[in-house]
Amino acid sequence: MKKANKLITVLIFIFLYIPMAVLIIGSFNTGKSLSHFEGFTLQQYAELFSDKDLLALLGNSLLISILATTIATAFGTFAAVGIHNLKPKMRKAVMSLTNIPMTNPDIVTGISLSLLFVFVGTGMLGNKQSLNFWTLLIAHITFSLPYVILNVMPKLQQMNPALQDAAMDLGCTPLHSFFKVTIHEIMPGIVSGAIMAFTMSLDDFVISYFVTGSDFVTLPVKIYSFTRKPIHPKVYAMFTLLFTLIFVLMVTMNLLQLRSDKRRHTRRTKAESRTMRIFKRVGAIACVMILLLGTVFLFVTTRNNKITLNIMNWGQNIADGSDDTLDIIAAFEAKYPHIQVNYSEYASNEELYSKLSNGGLVVDLIIPSDYMIARMINEDMLLPLNFSNIPDYKNVAETYKNQAYDPENKYSVPYTWGTVGIIYNSKYVSEEDVTGWELLWNEKYAKKILMFDNSRDAFGVAAYKLGIDVNTTDKEELQRCADELKKQQPLVQQYVMDQVYDKMIEGNAWIAPYYAGDAMMMMEENPDLRFYLPENQNFNLFIDAMCIPTCSEQPEAAELFINFMCDPEISGANMDYICYGSPITGATEYMDEYLAESEIIYPPEEVLSRGRSYSFLPGDITRFVEKLFMKVRLG
């Protein structure tokens, strides 16, 4: 029986730590793939420490974690003392309430706090940007408090109550007695609680995601955007360092707990007294450092005279200087030194819409797709553009003007355009099967097929296959699309968005519908991948465009950026990275020749004639489609 228990324990630890072991090994790999170790290198760590943006994000996370931990530890310790002094029944009831935040799902806590902050900030105080650094700090303090209380309470219960009484008999006030006696007895619990609060704060993504504004982003929230597409190995190095830090802190916490348990049955020795003095000194130094960090942060944020331009764009949808491309943001800031760009990302049009409609954010420039632009115009979520600040709008090709989503060219300027087709692995998929959308329903490739994880694109694919108008509002036709997707459901390995990258590149899936530009990026990583637009069938032809939302505080700076992106050289350099078509006349002259001549990015006119764009669907139809798609997903 003992051997079986040991075996199960070993298997559990293997299951828990193998993923981290793979990640750590990957951080020393000369290649980008986690499945193939090509050679040992420290280059990823060198690149990590030379990446100012990642280090700044790490600094943000450390700052918020240290501040939240300090405040939560102080308040949590005093709260634990107060709870300890309550009557037993009341103490039990209060502790039950204290434990709720730890058992409550993070997503519920995050959404609740977000709604509270928006209600108070926007609704009651009239503050347009109600989600900011301070709301993030308050949220971290809130979910850290119970962990401090939970660690301090047992130490209070183990402490001999006569010690505090003796101190007061010798002339100490209750407050004096607390700092002279009680705090020394419960110090291991305080330190353990602080370490637990720090690790939870540093690691938090879900709650931070919902309460983060556009002015201050932590590393876990940013890392989420990295996981949507192939991750650069330097991020593995960052994961490894964070794991090491958390591991060391947890080992320290357990050692402190072990020391405390041993000390319960013996008197405090001189060596232990010295340990306590060290704790006090370290704590004092930590408090001073925290105050200094907070002061520096406040000084920097209040003394920065630059205009902050908040941009939200699709993940990895702008050239960032990697792969020898132009760093668009850096080039813009160099041209306009009085403007500082704060750049963030979203995964889908629906995510962007949700963030803006919930309120509490200040965003100056967004880049949604055609049908979402129409929806936002319909709901008065966009500002009209001042084209006197966008003189290079003349470079936009006439083909991309007067589109149905913005017929008067009043609210948007095209950023890029592209198509949706099918990417497949030629190593496993027969060329005779590569014809139309039917490939996604081919039973030969069951469980090797991926499908869009959003209702608009998924229903679009089904509509193209059935020959139905992709913008139909006929519920019977939409039901036919849903029925077709139900037939496909048993064949689908997974419904994905940007997760398609790893699955197709690694060969874990063989067929997927996706965007042409992203397909080009995947093909660069795996030479067996191919892309095609279905023969004699319609497909999605989309335009992403730059718009200014009504929550913008810097519309003129946003218009400067729009004008900057209308420059042929800048647009061409940008397309070299994102691999989509440019709507700017002359941009192809500044693109890599291979990309500029690629029929994947620039299909022939006769092929493009079969392209169809999404239109804005009425709210009741959108909800109907989403409900049908949910039923498809659930099987």
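User: Hi! Let's start with Asn 409: is it buried or exposed?
Analyst: Happy to look, bearing in mind that this is a predicted model. The relative accessible area of Asn 409 comes to 15%. The cut-off for a buried residue is under 20%, so Asn 409 counts as buried.

User: And what is the phi of Asn 409?
Analyst: Asn 409 sits in the loop that runs between H16 and strand E4 (413-425). Most residues other than glycine have a negative phi. Asn 409 is not a glycine, yet its phi is positive, at about 55°.

User: Lys 447 also has a positive phi. Is Lys 447 buried or partly exposed?
Analyst: Lys 447 lies in the loop between E4 and strand E5 (449-452), and its phi is near 65°. Its relative accessibility is 45%. Buried stops under 20% and exposed starts over 50%, so at 45% Lys 447 is partly exposed.

User: Let's step back. What percentage of the protein's residues are buried?
Analyst: The protein has 25 helices and 10 strands. Among its contacts between residues at least 6 apart in sequence, 74% link residues at least 24 apart. Of the 635 residues, the buried share is 51%.

User: Which residues touch the most other members of the largest nonpolar core?
Analyst: That core holds 184 residues. Leaving out residues up to four places away in sequence, Phe 561 touches Leu 309, Ile 311, Ile 318, Ile 328, Ile 329, Phe 332 and Leu 365. The members that touch the most others in the core are Ile 511 and Phe 561.

User: Ile 311 and Leu 365 are both on that contact list for Phe 561. What is the bridge partner of Ile 311 in E3?
Analyst: E1 spans 307-314 and E3 spans 365-366, and these two strands pair in the parallel sense over 2 bridges. Within E3, the bridge partner of Ile 311 is Leu 365.

User: Which strands are at the edges of the open sheet?
Analyst: The sheet has 3 strands with parallel pairing, in the order E2-E1-E3. An edge strand here pairs on one side only. That description fits E2 and E3.

User: Which elements help cover the buried residues of H15?
Analyst: The buried residues in H15 are Asn 349, Glu 351, Leu 352, Tyr 353, Lys 355 and Leu 356. Just after this helix, Gly 359 takes a positive phi of about 85°. The cover over the buried residues of H15 includes helix H10 (206-211), strand E1, strand E2 (339-346), strand E3 and H16.

User: Which residues are in contact with Asn 317, apart from its neighbours within four places in sequence?
Analyst: Asn 317 belongs to the loop between E1 and helix H14 (328-335). With a relative accessible area of 6%, Asn 317 is buried. Setting those sequence neighbours aside, its contacts are Tyr 343, Tyr 415, Asp 544, Asn 574 and Ile 578.

User: Now for the empty space. What volume does the largest cavity have?
Analyst: Searching the whole structure turns up 5 cavities of 30 Å³ or more. The space in the largest cavity is about 320 Å³.

User: Which of the residues lining the largest cavity are closest to its centre?
Analyst: The lining is made of 25 residues. By class, they are 9 nonpolar, 8 polar and 8 charged. Those closest to the centre are Trp 314, Ser 369, Tyr 515, Phe 542 and Asp 544.

User: Which element gives the most to the lining of the largest cavity?
Analyst: Several elements supply two or more lining residues: H15, helix H16 (370-378), helix H17 (455-466), strand E7 (511-515) and strand E9 (539-546). The biggest contribution is 3 residues, and it comes from E9.

User: Which element gives the largest share of the lining of the second largest cavity?
Analyst: This cavity has a volume of about 90 Å³, and its lining has 7 nonpolar, 3 polar and 2 charged residues. Among the lining residues are Arg 456, Phe 459, Asp 469, Cys 481 and Val 625. The elements giving two or more residues are H17 and helix H18 (475-488). The largest share, 5 residues, comes from H17.

Note on methods. Residues numbered from 1 in each chain as written. Predicted model: local features only at pLDDT ≥ 70, side-chain atom pairs only at ≥ 80, totals over all residues. Heavy atoms only, no water. 1 Å grid on protein atoms, 1.4 Å probe; cavity = no way out; pocket = protein on both sides within 12 Å on 5 of 7 lines; lining within 4 Å. Points joined across faces, edges and corners; volume = space filled by probe spheres on them. Helix = DSSP H or I, 4+ residues; strand = E, 2+ residues; numbered from the N terminus. Nonpolar A, V, L, I, M, F, W, Y, C, P; charged D, E, K, R; others polar. Buried < 20%, exposed > 50% of the residue type's maximum accessible area, 1.4 Å probe, protein only. Contact = heavy atoms within 4.5 Å. Core = buried A, V, L, I, M, F, W, Y, C linked by side-chain atoms within 4.5 Å. Pairing = 2+ DSSP bridges.
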